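Colleague: I am new to this structure and would be grateful for a guided introduction. Might we proceed by question and answer?

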Amino acid sequence: MSDGGATPGAELHFRALERLYRSAPVNHLFDSILEITEHGRSRLVFDVTEASYHAAGAAHGTIYFKMLDDAAFYAANTLVTDRFLLTTSFNLHFTKPVREGRVIAEGHWVSGKRRVFVAESRLIDEEGDEIGRGTGTFMRSHIALSGLDGYSAE
């Protein structure tokens with residue numbers, strides 16, 4: 001969903017969401033960066049290391065879920081400027097194991113504009129191959145974005 005360029009208010013919201021992502025304690029455990037460029041879209045750049053491997057030497061499924069959920073979640077939350085969304089369900093599909101390297105998670109909003117939102121995401125490895133895909137359902141919470149320490153205008 002491209003709007004031909006975000007408004008100044010949207011840009012402030014996008015940057016505040018990026019700061020919110022960086023402020024979450026769980027995200028300090030991962031080498032990742034969130035980028036939001038337009039309504040309904042997000043992009044995570046994520047470096048997979050051996051620290052996330054399962055016993056067979058590839059990234060554990062929790063890493064796939066985290067990246068897919070975050071990308072879809074933030075794509076949906078670009079459309080909501082007053083409330084924090086909550087993941088209510090998420091389906092994912094693993095298509096290829098990943099080892100060390102850079103992974104891109106691309107999220108995009110699919111439907112919903114009031115209370116429930118649906119967004120999809122996919123993971124792309126350094127070779128350009130899709131390694132996973134997911135669809136999430138997100139619901140408005142009672143948590144005001146403005147009340148969260150990480151969500152700030154600067």
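Modeller: Certainly; please bear in mind that this is a predicted model. We may begin with helix 1 and helix 2, which are roughly antiparallel to each other.

Colleague: At what angle do helix 1 and helix 2 pack?

Modeller: Helix 1 covers residues 8–23 and helix 2 covers residues 61–77, and their axes are 11 Å apart. An angle over 145 degrees counts as roughly antiparallel. The two helices are therefore described in that way, for they pack at an angle of about 150°.

Colleague: Is the crossing of helix 1 and helix 2 left-handed or right-handed?

Modeller: The sense of a crossing depends on whether the near helix is turned clockwise or anticlockwise from the far one by less than a right angle. By that criterion, the crossing in which helix 1 passes helix 2 is right-handed.

Colleague: Which residues make the contact, and how many of them are nonpolar?

Modeller: Helix 1 contributes H13, L17, L20 and Y21, while helix 2 contributes K66, D70, Y74 and N77. Among the residues of this contact, two are polar and two are charged. The number of nonpolar residues is four.

Colleague: Which element gives the most to the largest nonpolar core?

Modeller: In soluble globular proteins, nonpolar side chains tend to be buried together. Here the largest nonpolar core has 35 residues, and Y74, L123 and F138 have the most contacts inside it. At least two residues each come from helix 1, strand 1 (31–38), strand 2 (41–48), helix 2, strand 3, strand 4, strand 5 (116–124) and strand 6 (130–144). With nine residues, the element that gives the most is helix 2.

Colleague: Leaving aside neighbours within four places in sequence, which residues are in contact with Y74?

Modeller: Y74 belongs to the contact between helix 1 and helix 2, and is also among the residues with the most contacts inside the largest nonpolar core. Beyond its neighbours within four places in sequence, the residues in contact with Y74 are L17, L20, Y21, L34, I36 and S42.

Colleague: Is G107 buried or exposed?

Modeller: G107 is found in strand 4, and touches G40, R41, S42, A71, A72, A75, E120 and S121, not counting residues up to four places away in sequence. Its relative accessible area is 2%, and the cut-off for a buried residue is under 20%. G107 is therefore buried.

Colleague: How far apart in space are G107 and Y74?

Modeller: Along the sequence, G107 and Y74 are 33 residues apart. From C-alpha to C-alpha, their separation in space is 7.5 Å.

Colleague: In the loop between helix 1 and strand 1, which of A24 and N27 counts as buried?

Modeller: Both A24 and N27 lie in this loop. A24 has 22% relative accessibility and counts as partly exposed. At 8% relative accessibility, the residue that counts as buried is N27.

Colleague: Which residues does N27 touch, not counting those up to four places away in sequence?

Modeller: Two of these residues, K66 and D70, take part from helix 2 in its contact with helix 1, and Y21 takes part from helix 1. With residues up to four places away in sequence left out, N27 touches Y21, K66 and D70.

Definitions and conventions: Residues are numbered from 1 along each chain as its sequence is written. This is a predicted model: local features need pLDDT of at least 70, side-chain atom pairs count only at pLDDT 80 or more; totals for chains, interfaces and linings use all residues. Side-chain values use heavy atoms; hydrogens and water are left out. Axes are lines fitted to C-alpha atoms, for helices over the stretch in contact, and angles run from 0 to 180 degrees between N-to-C directions. Helices (H or I, at least four residues) and strands (E, at least two) are DSSP runs, numbered from the N terminus. Angles under 35 degrees count as roughly parallel, over 145 as roughly antiparallel, 65 to 115 as roughly perpendicular and the rest as oblique. Contact means heavy atoms within 4.5 Å. Ala, Val, Leu, Ile, Met, Phe, Trp, Tyr, Cys and Pro count as nonpolar, Asp, Glu, Lys and Arg as charged, and the others, Gly among them, as polar. A nonpolar core is a set of buried Ala, Val, Leu, Ile, Met, Phe, Trp, Tyr and Cys residues joined through side-chain atoms within 4.5 Å. Buried means under 20% relative accessible area, exposed over 50%, partly exposed in between (1.4 Å probe, protein chains only).
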